[in-house]
Every structure is written in structure tokens, then in C-alpha cells.
Amino acid sequence: MPTDRSLLVGSLVALLAAACFGTLGPLSRFAADVGLGAIAFVAWRALLGTVAVSGALVLRGRGLGSLRRLDPRGRAALGVATMMGFLLNVAMFIAFGRITIALALVLFYTYPAMVAVVGVATGRERLTGARLAALALASAGVRPGLGGGRHARRGGRVAPAPVAAAPAP
């Protein structure tokens with residue numbers, strides 16, 4: 001059972017993560033404007049993230065020794081996951097420089113729905129209630145992204161076409 005302190009710490013970490021994530025698009029655009037490439041930006045971001053997570057582990061008394069206790073298969077899986085995350089981030093930051101940040105984030109947030117549709121269409125996945133709830137949660141941020149922004153308003157109202165095109169949560 002979580003304590004009040006752990007709920008507070010968890011909530012603060014979630015708010016910090018959300019704030020950091022919310023600045024990724026503008027920061028990557030700024031970095032590109034000053035000549036920093038996507039791969040370099042992702043590498044710096046990964047380095048800062050590694051330092052922050054390592055520091056949090058040390059502060060919580062867990063240390064970094066748990067990585068050494070992984071078996072070879074676990075290390076390989078961690079390595080593959082790390083490389084896939086790196087490639088996803090590079091692709092995302094390249095997209096931030098080529099299309100609007102809002103569109104890149106809409107594509108990012110609808111990715112789980114795209115994967116689910118392909119999985120169901122190919123017969124490899126079943127769409128359970130829990131998966132539908134997860135897809136609804138993942139898609140919930142898409143509507144504000146499409147409906148907001150300075151170019152979406154016409155006469156004080158939200159432009160209906162992009163909002164209607166958003167997946168319903």
C-alpha cells in the first residue's frame with residue numbers, strides 16, 4: 001500500500017516527466033535551428049536521462065549493481081530495447097524538424113492504435129476490454145492536439161474537421 005510520501009513523490013515525478021516531455025518538441029526545433037542534429041540531440045537527451053535515472057537509483061539506495069545481475073538474455077533484451085528506443089527518438093526528432101510538432105505528436109500517440117489495428121487485422125491479437133481501455137487512454141491526448149493551437153481557431157470556435165478526424169477515446 002502506498003504511503004502519502006510515496007504518492008507525493010510519484011506525483012511530483014510524473015509532473016516533472018510530463019513537463020520534460022512537453023518541452024521536447026520546442027527544444028528539438030530550437031536545437032535544429034542552432035545546428036544540432038537529431039542523433040546528437042537524442043544522444044545528449046539519453047545521457048541526461050541516464051544521469052537522472054542513475055542518480056535516482058543511487059538516492060533510493062538501489063545502486064546500479066542490478067544491471068550486473070542480469071543474465072545474458074536479459075542484457076541482450078535490454079540492449080535491443082535501448083537501441084529501439086534510440087531509433088524511435090531519432091525518428092521522432094527528425095519528424096519534429098520536418099513536420100509540425102503537433103502532427104508528429106498525433107502520429108506518436110496514435111501509434112498504439114495503429115499497431116492494434118494491424119494486430120487484429122492479421123489475426124495475431126485479440127482486442128480485449130483492457131486493451132481497448134489502454135487504447136482509449138493513449139488516444140485521449142490526440143483530440144486536444146488536433147483541436148488546439150493558434151491555426152485551429154476560426155471565429156472563436158475550434159475547427160471541426162481536425163477534431164472529428166481524431167480517434168475517439
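# A dialogue about helix α3 and its neighbours

Biologist: Glad to look at this predicted model with you! Which residue takes a positive phi just after α3?

Modeller: Happy to start there. Just after α3, the backbone takes a positive phi of about 80°. The residue with that value is G61.

Biologist: How many helices and strands does the chain have, and what pattern do they follow?

Modeller: Read along the sequence, the pattern is α-α-α-α-α-α-α-α-β-β-α. In total the chain holds nine helices and two strands.

Biologist: Thanks! What share of the 169 residues is buried?

Modeller: Buried here means under 20% relative accessible area. Of the 169 residues in the chain, the share that is buried comes to 14%.

Biologist: And among contacts between residues at least 6 apart in sequence, what share joins residues at least 24 apart?

Modeller: Here we set aside pairs that are not at least 6 apart in sequence. Among the contacts that remain, the share joining residues at least 24 apart is 54%.

Biologist: Back to α3, then. What span should its 22 residues have, and how far apart are its end C-alpha atoms?

Modeller: Helix α3 covers residues 38–59, and at 1.5 Å a residue it should span 32 Å. The distance between its end C-alpha atoms agrees with that, being 31 Å.

Biologist: Which residues of α3 are buried, and within what arc do they fall?

Modeller: The buried ones are A38, F41 and V42. Seen down the axis of α3, they line one face of the helix, because they fall within an arc of 90°.

Biologist: Which residues are exposed on the other side of α3, and which helices help cover the buried ones?

Modeller: On the other side, I39, W44, L48, V51 and V58 are exposed. What covers the buried residues of α3 includes α2 (24–33) and α5 (72–98).

Biologist: A46 caught my eye. Is it buried, partly exposed or exposed?

Modeller: A46 sits in helix α3, and its C-alpha is 9.8 Å from that of G85, 39 residues away in sequence. Its relative accessibility is 37%, which means that A46 counts as partly exposed.

Biologist: How are α2 and α5 oriented to each other?

Modeller: Their axes are 9 Å apart, and the packing angle is about 70°. Angles of 65 to 115 degrees fall in one class, and α2 and α5 are therefore roughly perpendicular.

Biologist: Which residues meet there, and how do they divide by type?

Modeller: From α2 come L24, G25, S28 and R29, and from α5 come F93, F96 and G97. The residues of this contact divide into three nonpolar, three polar and one charged.

Biologist: What about S28: is it buried or exposed, and which residues beyond its sequence neighbours does it contact?

Modeller: S28, in helix α2, has a relative accessible area of 7%, so it is buried. Its C-alpha is 7.7 Å from that of A38, 10 residues away in sequence. Leaving aside neighbours within four places in sequence, the contacts of S28 are F41, F93 and F96.

Biologist: One last pair. At what angle do α5 and α6 cross, and how do the residues of their contact divide?

Modeller: The axes of α5 and α6 (residues 101–121) come within 8 Å and cross at roughly 150°. L88, M92, A95 and F96 in α5 meet I101, A104, L105 and F108 in α6. The residues of that contact divide into eight nonpolar, no polar and no charged.

Note on methods
Residues are numbered from 1 along each chain as its sequence is written. This is a predicted model: local features need pLDDT of at least 70, side-chain atom pairs count only at pLDDT 80 or more; totals for chains, interfaces and linings use all residues. Side-chain values use heavy atoms; hydrogens and water are left out. Helices (H or I, at least four residues) and strands (E, at least two) are DSSP runs, numbered from the N terminus. The expected span of a helix is 1.5 Å times one less than its number of residues. Buried means under 20% relative accessible area, exposed over 50%, partly exposed in between (1.4 Å probe, protein chains only). The arc is that of the directions from the helix axis to the C-beta atoms. Contact means heavy atoms within 4.5 Å. Axes are lines fitted to C-alpha atoms, for helices over the stretch in contact, and angles run from 0 to 180 degrees between N-to-C directions. Angles under 35 degrees count as roughly parallel, over 145 as roughly antiparallel, 65 to 115 as roughly perpendicular and the rest as oblique. Ala, Val, Leu, Ile, Met, Phe, Trp, Tyr, Cys and Pro count as nonpolar, Asp, Glu, Lys and Arg as charged, and the others, Gly among them, as polar.
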